[in-house]
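Trainee: Before we discuss this model, could you put its sequence and structure in front of us, so that we can go through it together?

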Amino acid sequence: MLNTYFRVIVGFMVLLMVALSYYVSINWLWFGVFIGLNMIQSAFTKWCLLETILVKLGVKKESASCSSC
């Protein structure tokens, strides 16, 4: 479930960044740079702020097994 929430939120932020950079200011592209750098950083450190926030909000992590598939 955590993975689903994560993908939806990040996808929404990317679409929001594109819309804001088109309609408001090109400087909103820096928001996309932040998103990309944060995803690269989390791949190496295995830590993501969004994941931490979602877990504290009560979103359950997926189990390691695939019995629920």
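What follows is a set of questions and answers on this predicted model.

Trainee: How many helices and how many strands are there in the protein chain?

Mentor: From the N terminus on, the elements of the protein chain run α-α-α. The count for the protein chain is therefore three helices and zero strands.

Trainee: What share of the residues in the protein chain is buried?

Mentor: A residue counts as buried when its relative accessible area is under 20%. The protein chain has 69 residues, and the share of them that is buried comes to 17%.

Trainee: Which share of the accessible surface of the protein chain belongs to carbon and sulfur atoms?

Mentor: The accessible surface to be divided comes to about 5700 Å² for the protein chain. The part that belongs to carbon and sulfur atoms is 72%.

Trainee: Is helix 1 parallel, perpendicular or oblique to helix 3?

Mentor: The axes of helix 1, residues 2-23, and helix 3, residues 49-56, come within 10 Å and cross at roughly 125°. Angles of 65 to 115 degrees count as roughly perpendicular and those over 145 as roughly antiparallel, so the relation of helix 1 to helix 3 is oblique.

Trainee: How do the residues of the contact of helix 1 with helix 3 divide into nonpolar, polar and charged?

Mentor: Helix 1 passes helix 3 in a right-handed crossing. Helix 1 brings Leu 2, Tyr 5, Phe 6, Ile 9 and Val 10 to the contact, while helix 3 brings Leu 50, Glu 51, Leu 54 and Val 55. Glu counts as charged, whereas Leu, Tyr, Phe, Ile and Val count as nonpolar. The division is therefore eight nonpolar, no polar and one charged.

Trainee: Is Ser 21 buried or exposed?

Mentor: Ser 21 is found in helix 1, and, not counting residues up to four places away in sequence, Ser 21 touches Ile 26, Trp 28 and Leu 29. Because the relative accessible area of Ser 21 is 14% and the cut-off for this class is under 20%, Ser 21 is buried.

Trainee: Which residue has a positive phi although it is not a glycine?

Mentor: Most residues other than glycine have a negative phi. The residue in question has its place in the loop between helix 2, residues 29-45, and helix 3, and it is exposed, with a relative accessible area of 69%. With a phi of about 60°, the residue is Lys 46.

Trainee: What percentage of the contacts with a separation of 6 or more is made by residues 24 or more positions apart?

Mentor: A contact here means heavy atoms within 4.5 Å. Among contacts in the protein chain with a separation of 6 or more, residues 24 or more positions apart account for 61%.

Notes
Residues numbered from 1 in each chain as written. Predicted model: local features only at pLDDT ≥ 70, side-chain atom pairs only at ≥ 80, totals over all residues. Heavy atoms only, no water. Helix = DSSP H or I, 4+ residues; strand = E, 2+ residues; numbered from the N terminus. Buried < 20%, exposed > 50% of the residue type's maximum accessible area, 1.4 Å probe, protein only. Areas by Shrake-Rupley, 256 points an atom, 1.4 Å probe, with all protein chains shown as cover. Axes fitted to C-alpha atoms, helices over the stretch in contact; angles between N-to-C directions. Parallel < 35°, antiparallel > 145°, perpendicular 65-115°, else oblique. Left-handed = near helix turned anticlockwise from the far one by under 90°.
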